[in-house]
Amino acid sequence: MTEREPSRTDPRPPRGGPDHRTAVIVALVLALVCGAIAAGYLWSFGARTERARAAQLHRVTATTTGAAGEASPLTRSGAANRAVAPARWEYPDGVRRSGTVEVPAGTPRGRTVTVTVDDSGTAVRQAGSSSDIMLISLAGGIATAGAVAATGAGALVLMRRRTDGRTFAALEREWEQVEPVWSGRLRRESGPEGGPGTDDV
């Protein structure tokens, strides 16, 4: 009579672990939300700052005292074909000022131009446009989203490593229990009637 072969049970990984795909989606959504909030805050802050700054700026008429040089690349958007030239103006009334102002490239000496000055009469750049504020807001939002995404990715990697470590440890413990039965080693070692095992047929 043939002895019945013991059932072979494969070790199963423990259930209830975190769904990493869902965690990745949640991290990406969180990064996008944080980026949108940061962009909105920067837009609001930038708009308020520029409005407050614009209230302290004044447009006055100046006269160039020298010819403008060649067009040079400037940091502000929409400043193509612009150069700088020395000029003089009066602000406040009766107070003569002079300095270097931004003018169209090729402006000759003695040309009347309009410049922006602050309350003290010092020439300054114009208030930022809506496109400038939008670019800064978008850049800040993208940077924030990237930082949140990187932080979330790092947290997920650490969580995955910890979960994998626990899973492998559980599989090892379960394998130690089922391996003697699964491989037949326990039957060979026990032998008939509990005696020494044998590999002879």
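Strands β2 (residues 82-90) and β3 (96-104) pair in the antiparallel sense over nine bridges; helices (H or I, at least four residues) and strands (E, at least two) are DSSP runs, numbered from the N terminus, and two strands count as paired if DSSP finds at least two bridges between them. Within this pairing, R97 in β3 is the bridge partner of W89. The model is a predicted one, in which local features need pLDDT of at least 70 and side-chain atom pairs count only at pLDDT 80 or more, while totals for chains, interfaces and linings use all residues. Residues are numbered from 1 along each chain as its sequence is written, and side-chain values use heavy atoms, with hydrogens and water left out.

Strand β2 is also joined to β1, in antiparallel orientation, by three bridges, and T63 stands opposite R88 in β2. Strand β1 (residues 58-64) further pairs with β4 (residues 112-117) in the antiparallel sense, over six bridges; here V60 faces V115 of β4. The four strands thus form an open antiparallel sheet in the order β3-β2-β1-β4. Strands β3 and β4 stand at the edges with a single partner strand each, so one side of each is left without a neighbour in the sheet. On average, neighbouring strands of this sheet are turned by 50 degrees against each other, direction ignored (axes are lines fitted to C-alpha atoms, for helices over the stretch in contact, and angles run from 0 to 180 degrees between N-to-C directions).

The chain contains three helices and four strands, which follow the pattern α-β-β-β-β-α-α along the sequence. Helix α1 spans residues 20-54 and includes V29. This residue is partly exposed because its relative accessibility is 47%, where buried means under 20% relative accessible area, exposed over 50%, and partly exposed in between (1.4 Å probe, protein chains only). A47 also lies in helix α1, but counts as buried because its relative accessibility is 16%. The C-alpha atoms of A47 and M134 are 9.5 Å apart in space, although the two residues are separated by 87 residues in sequence.

Of the 201 residues of the chain, 22% count as buried. The accessible surface of the chain comes to about 14,300 Å², of which 57% belongs to carbon and sulfur atoms; accessible areas come from the Shrake-Rupley method with a 1.4 Å probe, and for residues only the protein chains shown count as cover. Among contacts (heavy atoms within 4.5 Å) with a separation of 6 or more, residues 24 or more positions apart account for 63%.
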